[in-house]
Amino acid sequence: MRSPVPCSFFLEPTPLGSSLQEKYVVQSRVMMNIKVLLGSTRPNRFADKPGEWILSKLQQNREVSAGLVDLRDYPMPFFNEPVSPSSATEPFTNPAVQAFTKKIEEADGFIIVTPEYNHGIPAVLKNALDYVYQGWQKKPVAYVAYGWTTGGARAVQQLKHISLELQMVPVHRSVHIVNFKSFIDTSGVFQSESFEKSGDQLLEQLLWWARILQDARKTT
Ligand SMILES: Cc1cc2nc3c(=O)[nH]c(=O)nc-3n(C[C@H](O)[C@H](O)[C@H](O)COP(=O)(O)O)c2cc1C
């Protein structure tokens, strides 16, 4: 992995053995803005640990501008607008909703970090998903889930259905942290070794789609 650089292009060396060896080709590549969305807001949540882990993996990719979206920072009421976001002709007025909508709109893709609550997703996450429409569309989404026996598999199945309705592109590979508490060591540090491979596969799939859809959204 390359180290992160704060620019929108990078340099690649030309093939070895030619007089062009010293020269460089500039490839214009727009950064992909990927948001890691935490699906739990409760005190003592586990969500921070896998959230920080996947965020740090994203930050190692120099084509990515990665950021965390913590729903604690967007205290949105339970959805109570007079029209659905898909048919709203004016922005909703609640400041937290407006700020959240703006964050989602600037993204090229998402990783949702979610626990499983009663075999589904947390209400706070569903509420946040419901508040936005256009901002989710034509963008890829991947999931890092955790729980006891299934590692949040049922939450991810729900999220895939919801994401499709929001016209997102769910990627195939997810990370599932089964028996999540067993991956916290005595110092409280998340032991991520078992998930590095599936995390890399998730990122590969997400960024493949993010690049393609970023280009496609510009022209259609
Ligand atoms: C309301 C509620 C329902 C839960 N239901 C499930 C469940 O269906 N499956 C599961 O594996 N864990 C379940 N759990 C346990 C959670 O996996 C565990 O509390 C986890 O820490 C929640 O994530 P968080 O700490 O990031 O909020 C539930 C927890 C809560 C609070």
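How many helices and how many strands does the chain have? Before I answer, please keep in mind that what we are looking at is a predicted model. The chain has five helices and eight strands, and if you follow the elements from the N terminus on, they run β-β-β-α-β-α-β-α-β-α-β-β-α.

Let me say a little about the chain as a whole. It has 220 residues, of which 35% count as buried. If we take the contacts with a separation of 6 or more, 76% of them are accounted for by residues that sit 24 or more positions apart.

I would like to spend most of my time on strand β6, which covers residues 140–146. Why can we say that β6 is largely enclosed by the rest of the structure? The reason is that seven of its seven residues are buried, so the strand is largely enclosed. Both faces of β6 are covered, with Pro140, Ala142, Val144 and Tyr146 buried on one side, and Val141, Tyr143 and Ala145 buried on the other.

Now to the partners of this strand, beginning with β5, residues 109–115, which pairs with β6 in the parallel sense over six bridges. Within that pairing, Thr114 stands opposite Ala145 of β6. To get from β5 to β6 the chain passes through helix α3, residues 123–131, and this β-α-β crossover is right-handed.

β6 also pairs with strand β7, residues 169–170, in the parallel sense and over two bridges, and here Val169 of β7 is the bridge partner of Pro140. With strand β8, residues 175–177, the pairing of β6 is again parallel and runs over three bridges, and in this case Ala145 has His176 of β8 as its bridge partner.

Turning to the nonpolar core, the largest one holds 54 residues, and those that touch the most other members are Ile34, Val36, Ile111, Ile112, Val113, Ala128 and Leu206. If we leave aside residues up to four places away in sequence, which residues does Ile111 touch? They are Ile34, Val36, Ile54, Ala142, Val144 and Leu206; of these, Ala142 and Val144 belong to the buried residues on one side of β6.

Finally, the ligand. The residues around it are Ser40, Arg42, Arg45, Phe46 and Ala47, then Pro115, Glu116, Tyr117, Asn118 and His119, and also Gly147 and Trp148. Sorted by class, this shell has five nonpolar, four polar and three charged residues.

Methods: Residues numbered from 1 in each chain as written. Predicted model: local features only at pLDDT ≥ 70, side-chain atom pairs only at ≥ 80, totals over all residues. Helix = DSSP H or I, 4+ residues; strand = E, 2+ residues; numbered from the N terminus. Buried ≥ 20, exposed ≤ 12 C-beta atoms within 10 Å, placed from the backbone. Contact = placed C-beta atoms within 7 Å. Near = placed C-beta within 6 Å. Nonpolar A, V, L, I, M, F, W, Y, C, P; charged D, E, K, R; others polar. Pairing = 2+ DSSP bridges. Right-handed = clockwise from strand over helix to strand, strands pointing away. Core = buried A, V, L, I, M, F, W, Y, C linked by C-beta atoms within 7 Å.
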